[in-house]
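Colleague: I have a few questions of the kind "why is this called that?", and I would like each answer to set a value against its definition. Could we go through them slowly?

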Amino acid sequence: MKIFKNRALISLIFSFSTFQLAAQQKTYNITAYGAKADGKTNNTTAIQSAIDKASANGGGRVLIPAGKFVTGVIEIKTGVELHLAANAVLLATTKRIDYGPEKASPLIVADGQQNIGITGPGTIDGQAELLIKDIYVMLRNGSLKDQEWQQYNEWGQMRPEENNRPKLIQFRNCKDISIKKVTIKNGLCWIQDYQSCTNMIIDSINVQSNTFLNNDGIDLVDCKNVKLTNSNFNVADDGICLKSHDPKGLCENIYIANCRVRSSASAFKMGTASFGGFKNITVRDIYVYNTFRSAIALETVDGGILEDIDIQRVTAKNTGNAIFIRLGKRRKDIPPGHIKGVYIGNVKVQVPAGKPDAGYQMEGPRELFEHNIFPASITGIPGYSVSDITLENIEITYNGSAKEYIAFSNIDSLENIPEKTGDYPEFSMFGELPAWGFYIRHADNVKMKNVKLIATGDEYRAACVFDDMDGLELDGVKISKAAALPVLLLNKVKRSSFRNMQLPDKSKEAILVK
């Protein structure tokens, strides 16, 4: 259907066929190096000794056998597979000082290594609840420095800064990586952070972490040739997140499929960090549930590119927003990047009236203003439009009723909707909007084919608002309800076409062109 989709898949298949974690015959059992499975002894030295020996001998499997083994920071080295046997639990130390006196080191690290892996079916447990207690003890007695822990952030939260909360896994500049079957849980910051890594297979992992904030399930940062499949994420921040920190780097050739995601932020997200960008990203068969923010969030706000994106077969239930696509400009020193060539197809989303993640241990922060349900949105900024966006076979059901007393958005005052050019990108960033289904502004060559929007409650707003566009094609768009006219509003839209429309009002006023 789209040439770039086939090109991305061919590239991925080629990449993944060229490597695998080297199967080593020799096993290095950590108990042979003095490790004790009593849940108390700090086994850092024993585990690191096994890793060092295996790597020095050309590689091998470092075995964590059944039992509870406490560890501090360990470093994976070339040729080493850290294997957690059934009923093996690697417990992170709950003493903050064990992660370093200043910036906290991640628990498991690797830098510049190759042919490495972490495999299951055992568990890595960050013991977040006990560790955060120790962090607060150090903060109160002044033995740990932190500029943020007593300040409210923009969402009204208080928390120690990220540098004081260790990640569980961080690999940097590594290649030929295998992460399989392992369960990873109870972290205080990003659970997995892979930076500038190449050739990765991540399969059948289970990530559970709702004990604190910033618990992204997995972050792929400027990584290339990655296959992430058959995995489960239940986390307090973004579920599967792609980022770009390097202006000369990219997340490129990434294939994600058959994953289940629950998040108190967004389920699948590109951004917020977006300095280099994202290219050739393929997503298939994702199930999202009880997620506070967006099922799909595509963002570039730091000058990076976002192009050749192919997302298909996403089902989201009890999720705060369906689709959020945003081009912004947070950096004053460089021009904004661009978004072009995005295909999203076969998506079904149910947006509830209430808070989707209510009742979870760590909920997403509520908006600090009263509001109606937010629509899906695609937005650029003045002078820089997103382009070549195709939405096909999309169904979004919005539950709940809009109330004019909360906020009334006048379709005659579209210029009053703030641009928020340099703001943090989020589907609620513009405040109350005059549409309940889709709000699209500063976008060119947008195609909506077989898109069905359902409102189950009362609505006073237009279903869709299209503003400042060049090229809009609506084919088979179905709108369930029109409490007021117009159903569709086109403002400053050039080159529009309509086919096979099913609108609840057949009058000429149903589509207003300004």
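Modeller: Let us begin with a definition: Ala, Val, Leu, Ile, Met, Phe, Trp, Tyr, Cys and Pro count as nonpolar, Asp, Glu, Lys and Arg count as charged, and the others, Gly among them, count as polar. Please keep in mind throughout that this is a predicted model.

Colleague: How do the residues of the lining of the second largest pocket divide under that definition?

Modeller: The lining of the second largest pocket has 11 nonpolar, seven polar and eight charged residues. There are 26 lining residues in total, and A353, G354, H371, N372 and I373 are those that lie nearest the centre of the pocket. Among these, G354 counts as polar because Gly is placed with the polar residues, while I373 counts as nonpolar because Ile is on the nonpolar list. The volume of this pocket is about 520 Å³.

Colleague: Which residues line the second largest cavity, and what makes two of them charged?

Modeller: The lining of the second largest cavity consists of I373, Y398, N399, G400, W436, E459 and R461. E459 and R461 are charged because Glu and Arg both belong to the charged group; the remainder of the lining divides into three nonpolar and two polar residues. The space in this cavity is called a cavity rather than a pocket because a 1.4 Å probe fits there but cannot get out, and its volume is about 40 Å³.

Colleague: How do you know that E459 and R461 form a salt bridge?

Modeller: The closest N and O atoms of E459 and R461 are 2.7 Å apart, and since a salt bridge needs such a nitrogen and oxygen within 4 Å, the pair qualifies. Both E459 and R461 are buried. As background, side chains of opposite charge can pair when their charged atoms come close.

Colleague: What makes K279 and E307 a salt bridge as well, and are these two residues buried or partly exposed?

Modeller: The N to O distance between the side chains of K279 and E307 is 3.7 Å, which is again within the 4 Å cut-off, and therefore the pair counts as a salt bridge. K279 lies in strand β23 and E307 in strand β24, so the pair ties together parts that are 28 residues apart in sequence. With a relative accessibility of 26%, K279 is partly exposed, whereas E307, at 11%, is buried, because buried means under 20%. In total, the structure holds 20 salt bridges.

Colleague: Why is D302 called buried, and what is the class of its partner R330?

Modeller: D302 is called buried because its relative accessibility is 3%, and the limit for that word is under 20%. R330, at 33%, falls between 20% and 50% and is therefore partly exposed. The closest N and O atoms of R330 and D302 are 2.9 Å apart, and the two form a salt bridge.

Colleague: How do you know that C223 is buried, and which residues is it in contact with?

Modeller: The relative accessibility of C223 is 0%, so C223 counts as buried. C223 sits in the loop between β17 and β18. Apart from neighbours within four places in sequence, its contacts include Y194, C197, M200, L250 and C251, each counted because heavy atoms come within 4.5 Å.

Colleague: What makes the approach of S209 to G187 a polar contact?

Modeller: The side chain of S209 reaches the backbone nitrogen of G187 at 2.9 Å, and this lies within the 3.5 Å allowed for a polar contact, so the distance condition is met. S209 itself belongs to strand β16, and at 0% relative accessibility it counts as buried.

Colleague: Finally, what is notable in the phi of N214 and of R495?

Modeller: Most residues other than glycine have a negative phi. N214, however, has a positive phi of about 65 degrees although it is not a glycine, and R495 likewise has a positive phi, of about 55 degrees. N214, at 9% relative accessibility, is buried, while R495, at 57%, counts as exposed because exposed means over 50%. N214 is in the loop between β16 and β17, and R495 is in strand β31.

Notes:
Residues are numbered from 1 along each chain as its sequence is written. This is a predicted model: local features need pLDDT of at least 70, side-chain atom pairs count only at pLDDT 80 or more; totals for chains, interfaces and linings use all residues. Side-chain values use heavy atoms; hydrogens and water are left out. Helices (H or I, at least four residues) and strands (E, at least two) are DSSP runs, numbered from the N terminus. Buried means under 20% relative accessible area, exposed over 50%, partly exposed in between (1.4 Å probe, protein chains only). On a 1 Å grid over the protein atoms alone, a cavity is a set of points where a 1.4 Å probe fits but cannot get out, and a pocket is an open set with protein on both sides within 12 Å along at least five of seven lines; lining residues have an atom within 4 Å of a point. Grid points are joined across faces, edges and corners, and a volume is the space filled by probe spheres set on the points. A polar contact is a pair of N or O atoms within 3.5 Å; within protein, one must be able to donate a hydrogen and the other to accept it, and residues adjacent in sequence count only if both atoms are side-chain atoms.
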